[in-house]
Structure formats: C-alpha cells, structure tokens
Amino acid sequence: MVASEVRALFAVASRPEVVSLAGGMPNVSALPLDDLGDIVRSVVTDQGATALQYGPAQGDAHLREQICAVMAEEGIDASPDDVIVTVGSQQALDLVTRVFVDPGDVVLTEAPTYVTAINTFAAFQADIVHVSMDEDGVVPEALEETLARLESEGRQAKFFYTVPTFQNPAGVTLSSQRRRQVVEICRRFNLLVLEDNPYGLLGFESDPMRALHADAPDNVIYLGSFSKTLSPGFRIGWALAPAAVRAKLVLAAESAMLSHSIFNQLVVARYLDVHPWREQIKDFREMYRRRRDAMLSALEAQMPPGTTWTRPGGGFFVWLTLPEGLDAKAMLPRAVSERVAYVPGTGFFSGDEGRRNMRLSFCYPTPEQIREGVRRLAGVVEAEIAL
Ligand code: PMP
C-alpha cells in the first residue's frame with residue numbers, strides 16, 4: 001500500500017488562497033439541510049429501536065428495494081435480494097477484490113483508471129493490466145487483444161474493472177455501440193465485469209446511459225453509490241451481483257465489519273421515501289453542468305496551443321494533456337506557488353504513464369473560482385513552455 005497522490009495533496013490544496021482543481025469532493029451546498037435535519041430526527045423518534053441497533057449484514061431490506069428503483073433509471077431490472085449495501089462503493093470494491101483476487105492474479109482496468117481502485121487492487125497484490133481508452137471509453141479491440149494475449153500465456157484475468165460513464169479521471173463515456181462489444185467480448189472470454197458507476201445519473205446532456213449490467217446481469221457486478229447523488233457523509237454504496245457472488249460478498253462484509261451503520265441506511269431510506277430525489281439530482285446536474293461549462297470555456301480561452309483535454313458529458317472531471325516535453329508532476333510545485341492545484345496523471349496508472357496528464361475537477365469550486373484557477377494554470381503551462 002502506498003499513500004495516494006490525491007491524499008498527499010489535500011493539505012496544500014485546502015489552503016484558502018489556492019484554487020483547488022484537485023479533489024473530487026461532491027458539492028453538498030445544494031442539499032436541503034432543514035429537510036435532512038427533520039429526517040434524521042424522525043428516524044430517531046420513530047425508528048430508534050431499530051436505527052440504534054446492529055443491522056443485517058446485507059443491509060436494510062427497504063433501502064435495497066429503493067436502490068433497485070434507482071438502478072432502474074439505467075435499465076437495470078434487479079431483485080433486492082441481489083443487492084448488498086456497503087460503506088460507500090469503495091467497500092464494495094474492497095469486498096469484490098477480497099473475494100476474487102489472490103496475490104499475482106490479473107485484474108484488467110482502463111488506462112487511466114480510478115486511483116483508489118488501483119490502490120485496492122494493489123493492496124491485494126493483483127497484477128494490474130491496463131487496457132487503452134480514447135474519447136469513447138475503453139477500446140474494444142485493445143480489450144480483445146489483451147485477453148487473447150493473456151490466454152496465450154495461460155493466464156485468466158479475474159475481472160475487468162471499468163467506470164463506463166463519466167469516468168474518473170478521464171471524464172469520458174463508453175459509447176452505446178462499444179457497450180455491446182465490451183459485454184460480448186467479456187462473455188466470450190468468460191470474464192467477469194466490475195462496473196463502477198457512481199456518476200451515471202449525473203449526465204448534463206442526455207438521459208442516463210444503459211448500464212452494462214442491464215444487458216449482462218450474470219456476468220457483471222455493478223457498484224453504485226449515493227455519495228454523488230446525495231452525500232458522501234452517509235457512506236452508503238452498494239453492489240449488485242449474481243446470487244453466488246452476492247452470498248460471498250455478504251460473508252466478506254460480515255467478517256470485515258459485522259454490519260454497516262443501520263442508522264445511516266434508515267436516514268437515506270427515509271430521504272428517498274419523502275424527498276423528491278430525482279428533482280434533487282436534477283439540481284445537482286444543473287449545478288455541475290454550469291461548472292463544467294465554466295471549465296471548458298476557460299480552457300478554450302486560456303490554454304496555450306498543444307494542450308488538449310476531454311469534454312465530459314457529465315460527472316466531475318476533465319483530463320488534460322500537456323504539450324510534448326512537459327511533466328505535470330514536476331510542474332505541480334510551480335502551480336501551487338501560483339495558487340492552483342490539480343492531480344498529476346501518473347497516479348491514475350499502475351505503471352509509469354501519465355506524465356503529461358493531469359486531472360482537473362470542476363465539482364467543488366464555483367464557476368468564478370474555476371475561471372481564475374484555469375487562468376493561473378494556463379500561466380504556469382506557458383511559463384513551463386518558455387523554459
Ligand atoms: N469509484 C469511483 C470511480 C469514484 O470516483 C469514487 C469516489 N471518488 C468511488 C468509487 C468511491 O465512492 P464512495 O464514496 O461510494 O465510496
């Protein structure tokens with residue numbers, strides 16, 4: 001295990017004079033705090049005897065039903081029996097890895113990929129093999145080639161970990177056509193898919209994409225989360241898995257923590273019952289869309305030629321590629337002294353790639369701060385080019 005680059009940065013980036021385009025913290029300022037206060041109070045007064053006890057290891061049954069309604073937005077037709085509530089989707093990632101991965105086992109991921117997933121797989125000593133990506137998500141031909149190569153070496157990957165929608169860190173989304181291809185290739189190679197989808201309902205331009213799970217329920221473990229559509233403070237995520245896998249995940253969860261906080265689960269369940277959560281998500285989408293627009297137009301106006309970036313249709317992140325010869329990690333101290341922070345790209349790969357890349361988040365700062373942050377960053381890039 002190694003300290004994540006994002007975590008090491010938090011101390012610097014949280015200084016008030018620094019515009020942080022680094023952390024991926026959801027913007028909880030839009031939440032209805034008074035309503036949530038009433039909900040918490042009613043959980044204590046009406047359901048205290050249950051809410052203040054230990055709960056079932058698989059999670060509250062009513063919340064699991066509601067989670068199925070949330071997933072239906074992405075075309076998933078699931079039974080609450082196949083859902084396990086976890087401490088954020090992060091715990092689901094840990095449990096799936098715990099159940100499947102022995103030291104040296106191959107895990108496939110997109111390149112770049114979610115930094116904490118890399119850390120989780122590394123903690124279980126997985127051999128992380130990357131598959132390349134472009135603006136439409138993972139490249140099916142590259143996935144197929146990698147699987148064929150592994151097969152010829154007599155190796156079988158344990159699963160393919162993917163964030164198909166508004167990916168962290170690249171901000172790209174797997175196209176509909178590629179979704180069909182990826183599912184078909186994984187089925188043909190008898191490979192389990194681990195679909196991590198915390199941003200799926202945060203699209204700015206269109207209806208939610210159909211989840212991979214919707215078309216391959218026997219072959220896909222789906223991970224979801226309320227961290228981005230409600231609040232990360234409750235730490236409520238979930239896994240939806242084929243029955244045999246789900247049973248193992250419940251056992252693993254039990255041995256890890258006995259049970260999740262039933263109190264938090266009942267608060268979220270009541271919120272979903274009494275609050276118009278779809279409207280709340282629309283508000284979040286609108287707020288993040290304005291921030292995305294501010295970032296893209298500022299990049300367009302300010303960045304020197306030779307710099308490129310992705311144009312996310314939702315989620316939190318833009319992935320930027322610096323001109324040839326520049327190094328985002330080496331440049332970071334200069335950026336911080338110019339009062340702007342980002343995450344260097346190298347942390348999002350298991351190997352030595354990503355030197356010219358950085359992840360910029362638009363979720364937390366205001367549009368004005370984003371414009372100012374990009375202005376400072378463009379100045380730093382220009383100064384580096386001039387060196
Ligand atoms: N997966 C991805 C791709 C994420 O970006 C995050 C949050 N940064 C998570 C999982 C973890 O989310 P949670 O708060 O549900 O543990």
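**Strand pairing, ligand shell and overall build of the chain**

Strand E11 (residues 317-321) and strand E14 (residues 357-361) pair in the antiparallel sense, with five bridges between them. Within this pairing, Leu320 faces Met358 of E14. The two strands belong to an open sheet of four strands, ordered E10-E11-E14-E13, in which the pairing is antiparallel. Strand E10 (308-309) and strand E13 (343-344) form the edges of the sheet, each pairing on one side only. Like everything described here, this sheet comes from a predicted model.

It helps to step back and view the chain as a whole. The chain holds 13 helices and 14 strands. Its C-alpha atoms fill a box of roughly 65 × 60 × 35 Å along the principal axes. A compact globule of 387 residues would have a radius of gyration near 21 Å, and because the chain has 21 Å, the two agree. Buried residues account for 46% of the 387 residues. Contacts in the chain also reach across the sequence: among those between residues at least 6 apart, 76% join residues at least 24 apart.

A UniProt record, an unreviewed entry, places the feature "domain: Aminotransferase class I/classII large" at residues 46-377. In the model, this span is 44% helix and 17% strand. The C-alpha atoms at the two ends of residues 46-377 lie 52 Å apart.

Attention now turns to the ligand. The ligand is surrounded by 13 residues, and the closest are Gly88, Ser89, Gln90, Ser225 and Ser227. Helix H4 (residues 88-100) gives the most to this shell, with three residues. Sorted by class, the shell has eight polar residues, four nonpolar residues and one charged residue.

Another helix offers a view of residues packed into the protein. In helix H5 (residues 115-123), the buried residues include Val115, Ala117 and Ile118. Thr120 and Phe121 in H5 are buried too. As a general guide to reading such a pattern, an α-helix has 3.6 residues a turn, so residues three or four places apart point the same way. Just after H5, the backbone at Gln125 takes a positive phi of about 60°.

Taken together, these views run from one strand pair to the whole chain. The sheet order E10-E11-E14-E13 gives a starting point for finding the strands in the model, while Gly88, Ser89 and Gln90, among the residues closest to the ligand, mark a place to begin looking at its surroundings.

Definitions and conventions:
Residues are numbered from 1 along each chain as its sequence is written. This is a predicted model: local features need pLDDT of at least 70, side-chain atom pairs count only at pLDDT 80 or more; totals for chains, interfaces and linings use all residues. The radius of gyration is taken over C-alpha atoms; the globule rule is 2.2 Å times the number of residues to the power 0.38. A residue is buried if 20 or more other C-beta atoms lie within 10 Å of its own, exposed if 12 or fewer, and partly exposed in between; C-beta atoms are placed from the backbone. Two residues are in contact if their C-beta atoms, placed from the backbone, lie within 7 Å. Two strands pair if DSSP finds at least two bridges between them. A residue is near a molecule or strand if its C-beta atom, placed from the backbone, lies within 6 Å of it. Ala, Val, Leu, Ile, Met, Phe, Trp, Tyr, Cys and Pro count as nonpolar, Asp, Glu, Lys and Arg as charged, and the others, Gly among them, as polar. UniProt positions are given in the numbering used here, feature names are shortened, and annotations may be inferred rather than shown by experiment.
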